[in-house]
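Subject: The two-chain model, with notes

Hi there,

Here is the structure I promised to pass on to you. Please have it open while you read, as my notes follow below it.

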Amino acid sequence: MLEDLEQIHRSASNEAASLPDETALEDFRVRYLGKKGALTSAAAQMKDLAPADRPAFGQKLNEIRSAISAAIEERRASLLAARDARAARGIDPTLPARSLPQGSLHPLSQVLDRAVDTLRRMGFALAEGPEIETEWHCFDALNTPPDHPARKESDTYYFPGGNLLRTHTSTVQIRTMESASSLPVRIIAPGTAFRRDEIDETHSISFTQLEGLFVDREVGLADLKGTLEAFFQVIFGSGTEVRFRPHFFPFTEPSFEIDVKLKTVGRAERWVEIAGCGLVDPAVFAAVCQSRGDDLFHPDRVTGFAFGMGVDRLAMIQYGIPDLRLFNENDVRFLRQFA
Amino acid sequence: MKASLRWLNDHLDLSAKSIPEMAALLTAAGIEVEGIQCPPDHVVVARIESSERHPDADKLSVCQVNDGGATPRQIVCGAKNYEVGDHVPLALPGARIGDMVIKTGKLRGVESQGMLCSARELGLSEDASGLLILPRDLPPGTSFAQVHPPVFDLEITPNRPDLLSHLGLARELSALTGIRLKRPPVFTSTAPGRAAKSSEISLQDRETCSFYSARILRGVKVGPSPDWLRDKLQAIGLRPINNVVDITNFILMEMGQPLHAFDLSLLKGGIRVRRAGEGEKFTALDGRTHLLTPDDCVIADSKGAQALGGVMGGESSGVTEATTDILLEAAYFEPSLIRRTSHRHGIHTDSSYRFERGVDPAQVMAASEAAARLVLELAGGQLEGVPVWCGELPSTSVTVPLDNALCRRLLGSPIPPAEIGRILKAFGLQKESDGWRIPSYRLDLRRPVDLVEEVARVHGLDRIPGKTTAPFVPPSRADQEYDFRRALRTRLGHLGFHECQTIKLISEAQLALDVATQHRNLSPLRVKNPMTEPHTFLRPGLTPSLLRIAEHNVRMGTSDLRLFEIGTVFAASPKGQPIELQHLALVATGRLEPPSWRASKPDLFDFAALRGLLEQLCPGQAIDLLPIEDPRLLLAAEIKVGGGKVGLAGCLLPATARSLDLDQPVLVAEIGIKKLMAALGSPSLFHPLPRFPAITRDVAIEAPADLPGQAISDFFQSSGEPLLESFRLFDLFVDPTGTRLAADRKSLAWSLTYRSATETLAAPQVDAAHGRLLDRLKAALPITFR
């Protein structure tokens, strides 16, 4: 009987090392260790032995089972090692990708997001107002004379009832101050403005503006300068020169235009006009007071600064985009460039 | 406003300032330099000594010119407007004329050692009709830069009409640089004149014209102006006409006061300043006839309108070579009324430009006097009597208090009172006991804040230290909404979608493609004064514009498209109130992934993919798509997120898709941002993770082809079977031929997952639950199991 066991052990040992693959190995395992395997049937013979011989037989049986299991594991390991060694064979890493669809955010969104992030870090909260506006919010409250050219139907889109499409986001200054419950007011308002204009490389009938307003008891030119200088140095790089050129807007006094000195590779340094700003004109505060019916924004008690810039222009400068129309054409070959 | 440096030099000595210094000075003071006309280098004055026809070209001449050197220079020239002896500009080799660098070369075989130039070639005017003929007193060889000193093209802001003259600019430059003016800052009138008799001037429209004056000059000899005057006008782009007209233009550009000269013999009766009659005809100096309205002010005689007040003179009474007697008008017009007239008739003149912004009332009479003096000097004749006038000039006596506290508050840093005083004095303001007296020409200084502005402008922001501390402001509702939209944008970008931004005005035709708006009971808003048909309506939805973008991209060769836009849509409520909402729209069509060697025929984006996309946009939320009928869509479904309707999804009619050149499914969705935000608003709560293994059972269900799949998933969802954890459709089989399955049936294979939260399930437990569930399913729906 023990002879039989030895015989099984020998043939198994010989065979295990030469099994060609994992299927053969599994087949081998079933043949020897499976329910109907050789060792299992050998074990069944134990009941025919004399009780005195059984322990020795049992011990031998266990030894052989362990040995065959070990041989199987050893062979499995070497087969896996061989398969792993083959795994990279035939793969050509220089072939092109299997890619997934790639999306993108519109360049105007990216520029706006960056501006908004920067100004939020500087403590501005967002504000908004309607794009269909009253003439009062768009012009009167912003100290625009009654016969100002911007009010004309040739320049501004109107609706039959007298409402209009806002020509600037400065309307949000008025909307915000009208509904503010306390000071300070420190807001930015991105949004669309509309002008009745011929569409060409540098003109459109609508564009994205970013408006800002800070009103408190003691807000002056120092705040205006510090804030906007810091802002443009984030947008255009630290050390960027920022200059404030006196200008005129009806709703600020004094008023400035802001230029930054651009240092584009391959181009001469140049000053580029980038924004308008100024201290809120007392007439604007007076209009807000009249509308609110209280004195929270009385021109003797509060001062403030306001600024506005064209996001389209910012994006054109930052990305070197020559034609405004590309923004609204939304050609995916264009959009992909900013993915 | 064009300003000639030489002209400015009549008023103050700017010779120490270079052109870039001047430009920087003006810019820093808020006077934007839009351009500097500067003649090119290497251009000199030359005298034409001889001119002969080119041997081989009829249209060319060969000239010998004196360029100031010892030997004559030979130039081949195509112009015809000169005579031998004329002085003309000569570009020497090396000069840059436009984009061309002048070289010695041969023209039709004859050597030309330079080029004779027209005014246009030198960038001086549009006149390209021939050579620019120069005064003969300029010695040959004189650098042309001395003949035509630079001219600045300046943008004057509307608050500073006082800068619309050389005198005004000189005053400003003097204040900014400290360089003394050579003459007093204002002209003063020596002859006060007398009030006009009503037969002389009848001032009926005092609303538009508060003051009107006239001087009569007789025996005037009209003719060409002297060179100095012609040069001055030409340098700033004005065409010389005759001495009298040139003088009025000169005074306009010198002092900023528009004047008009009438041929007195062509006027009948006295001057009447009145409103025009409805439909009154007026033919202006430029020959155009205008139909006037009672809102226009005219200067008339007994025959009719002879000038459109403050805007333009008339054709029938202008000064010509035949004129001997003139009436010189100097008046003050109300800015807003001139602006309206000028815009109404589309006539924009140097005169209307200045009256619209406001002229210096104190100089009206002085300007007329200065002009009359020049006429006498250059055209002879004599004054008849004293000037006569009617009406009243606006008061110029204004005193504005300087509020030191305001000054400190606005400037944010203390500027010494002495410095403030120095700045204001430099601008001609005079300190008085109750404030600062404002000069008559500074119409813009009326309030304390205007004085602060003046100080800030000169002091300069660069000398004020910037401040960056600020109070804390809590985030707003607008902040939350912006962040929500931004998260959505970012997520869509990651899902392969390109963000678009389109113009919010669309065409009427596009409204028909507005397949997906949720406010169909609202009407689209049309602007009253559209500019062009493509931009007539405010978009009621984003889909029409996105489909237009898809069309463009298909035409450009891309038909695998995933586009989205987030933005405002507009409509009018039933009561006519405008409504503005934020929407998200998606358009998807084409292959699910770019074809590659690994997947050469990827599946197309279809309704199931759109549903998958919506699920990815709303993670953790139950998405329902409830089919609805919409004749404009092949498939349409309301989108519900977490039980609330948020928008509409659909597949375009194949005909619509083909009209976009797409022969493949085009999926669209349009969603209200506010509704989506509400549906996704509550933060996720933690659910304990399952501890025990799950067991799955598959079932193939045969159902009528028209039974919505939703009926089965709804059954599972609401089955109440406690062990059923989840269910998943993993196969759909139909056979239109009817061989393997009846054509009106479909087979749906579902995989059901069972799990207990408290124990490891045994197979019999699961089998029992599965059996119960299927029995109930069979009872509930017209289905069988395969």
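What follows is a short tour of the contact between the chains and of several elements in chain B.

Please keep in mind that this is a predicted model.

**Where the chains meet**

I began with the interface. On one side there are 86 residues of chain B, and these are in contact with 95 residues of chain A. Between them the two chains bury about 7400 Å², and carbon and sulfur atoms account for 56% of that area. In chain B, the residues that lose the most area to chain A are B:R409, B:L461 and B:M531, which together make up 10% of what that side buries.

As for charged pairs, the rule finds 13 salt bridges across the interface of chain B and chain A. One of them to look up is B:R486 with A:D113, whose side chains meet at 3.6 Å, N to O. The interface also has 45 residue pairs in polar contact, with both residues at pLDDT 80 or more. Which element of chain B gives the largest share of the side that touches chain A? That is helix α13 (residues 477-494), with 10 residues. Sorted by class, the side of chain B that touches chain A has 37 nonpolar, 24 polar and 25 charged residues.

A good place to zoom in is B:D479, which lies in helix α13 of chain B. This residue is buried, with a relative accessible area of 5%. The side chain of B:D479 is joined to that of A:R120 by a polar contact of 2.8 Å. Leaving aside residues up to four places away in sequence, B:D479 touches A:R120, A:A125 and A:L126.

**An open sheet in chain B**

Next, chain B has an open sheet of five strands with mixed pairing, in the order β14-β17-β20-β21-β22. The edges are held by β14 (201-203) and β22 (312-313) of chain B; each has a single partner strand, so one side of each is left without a neighbour in the sheet. The partner at the β14(B) end is β17 (residues 271-275) of chain B, and the two strands pair in the parallel sense over three bridges. Within this region, B:L203 stands opposite B:V273 in β17(B).

**A helix with plenty of cover**

Strand β17 turns up again around helix α7 (residues 335-345) of chain B. Eight of the 11 residues of this helix are buried, so α7(B) is largely enclosed by the rest of the structure. The buried residues are B:P335, B:S336, B:L337, B:I338, B:R339, B:T341, B:S342 and B:H345. Their cover includes β17, β19 (289-291), β20 (297-300), β21 (305-308), β23 (326-333) and α8 (350-357) of chain B. Just after α7(B) comes B:G346, which has a positive phi near 65 degrees.

**Two buried strands and their hairpins**

How many residues of strand β32 (residues 561-572) of chain B are buried? The count is 12 of the 12, so β32(B) is largely enclosed by the rest of the structure. It has a parallel pairing with strand β28 (residues 498-499) of chain B, over two bridges, where B:E499 stands opposite B:F564 in β32(B). With strand β33 (residues 578-589) of chain B, β32(B) pairs in the antiparallel sense over 12 bridges; B:E565 has B:A585 in β33(B) as its bridge partner. The hairpin of β32(B) and β33(B) has five residues between the strands, and B:G576 there takes a positive phi near 90 degrees.

Strand β36 (residues 644-652) of chain B has seven of its nine residues buried, so β36(B) too is largely enclosed by the rest of the structure. It pairs in the antiparallel sense with strand β35 (residues 633-641) of chain B over eight bridges, and B:L635 stands opposite B:C651 in β36(B). The hairpin of β35(B) and β36(B) has two residues between the strands, and B:G642 takes a positive phi near 55 degrees in it. Five bridges also join β36(B) to strand β37 (residues 666-672) of chain B, and these strands run antiparallel. There, B:L648 has B:E670 in β37(B) as its bridge partner.

Happy browsing, and best wishes!

Technical notes. Residues are numbered from 1 along each chain as its sequence is written. Chains are lettered from A and ligands numbered from 1 in the order in which they are written. This is a predicted model: local features need pLDDT of at least 70, side-chain atom pairs count only at pLDDT 80 or more; totals for chains, interfaces and linings use all residues. Side-chain values use heavy atoms; hydrogens and water are left out. Contact means heavy atoms within 4.5 Å. Buried area is the accessible area (1.4 Å probe) that two parts lose on being put together, summed over both. A salt bridge is a side-chain nitrogen of Lys or Arg within 4 Å of a carboxyl oxygen of Asp or Glu. A polar contact is a pair of N or O atoms within 3.5 Å; within protein, one must be able to donate a hydrogen and the other to accept it, and residues adjacent in sequence count only if both atoms are side-chain atoms. Helices (H or I, at least four residues) and strands (E, at least two) are DSSP runs, numbered from the N terminus. Ala, Val, Leu, Ile, Met, Phe, Trp, Tyr, Cys and Pro count as nonpolar, Asp, Glu, Lys and Arg as charged, and the others, Gly among them, as polar. Two strands pair if DSSP finds at least two bridges between them. Buried means under 20% relative accessible area, exposed over 50%, partly exposed in between (1.4 Å probe, protein chains only).
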